[in-house]
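Visitor: I have a chain on screen and would like to talk it through with you. Could you take my questions one at a time?

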Amino acid sequence: MTLIALSKVDDKDVGLASSLVNTGRMAGGSIGLAILGTVAWSVVANTARSSANARRTCCEHPPPDAPMRLSDSAMRQQ
């Protein structure tokens, strides 16, 4: 790709053109990594939120035949 980009450039401007190619490559990598990180973090946050909501719902309203925990039985005796 670098050879294609530099094939039509004059000899006196090859250094500048090469640096522009490298700068574009670095900027593209940074933007791509930022997008990938944002998507990955969104997935992790949504999974954690839905797991916490499921756990909260499950513990607030356990089924009647669920075994009681020690803390549940102590609270029911009071």
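Visitor: What pattern does the chain follow, read along the sequence?
Guide: Happy to help, and please keep in mind that this is a predicted model. The chain has three helices and zero strands. Read along the sequence, that gives the pattern α-α-α.

Visitor: Which element of the chain has the highest mean pLDDT?
Guide: For the chain as a whole the mean pLDDT is 81, with 73% of residues reaching 70 or more. Among the elements, helix 3 (residues 70-77) has the lowest mean, 53. The highest mean, 89, belongs to helix 2.

Visitor: Is isoleucine 35 buried or exposed?
Guide: Good one to click on: isoleucine 35 sits in helix 2, which covers residues 14-60. Its relative accessible area is 52%. The cut-off for exposed is over 50%, so isoleucine 35 counts as exposed.

Visitor: Which residues make the nonpolar surface patch of about 380 Å²?
Guide: A residue needs over 30% relative accessible area to join a patch, and isoleucine 35 has 52%. Its partners in this nonpolar patch are Ile31, Val39 and Val43. The full set is therefore Ile31, Ile35, Val39 and Val43.

Visitor: What share of the 78 residues is buried?
Guide: Buried means under 20% relative accessible area. The accessible surface of the chain comes to about 6,900 Å², 65% of it from carbon and sulfur atoms. Of the 78 residues, the buried share is 5%.

Technical notes: Residues are numbered from 1 along each chain as its sequence is written. This is a predicted model: local features need pLDDT of at least 70, side-chain atom pairs count only at pLDDT 80 or more; totals for chains, interfaces and linings use all residues. Side-chain values use heavy atoms; hydrogens and water are left out. Patches are made of residues with over 30% relative accessible area and no salt bridge: like charges are joined within 9 Å, nonpolar side chains (Val, Leu, Ile, Met, Phe, Trp, Tyr) within 5 Å. Accessible areas come from the Shrake-Rupley method with a 1.4 Å probe; for residues, only the protein chains shown count as cover. A salt bridge is a side-chain nitrogen of Lys or Arg within 4 Å of a carboxyl oxygen of Asp or Glu. Helices (H or I, at least four residues) and strands (E, at least two) are DSSP runs, numbered from the N terminus. Buried means under 20% relative accessible area, exposed over 50%, partly exposed in between (1.4 Å probe, protein chains only). pLDDT is the predictor's confidence in each residue, from 0 to 100.
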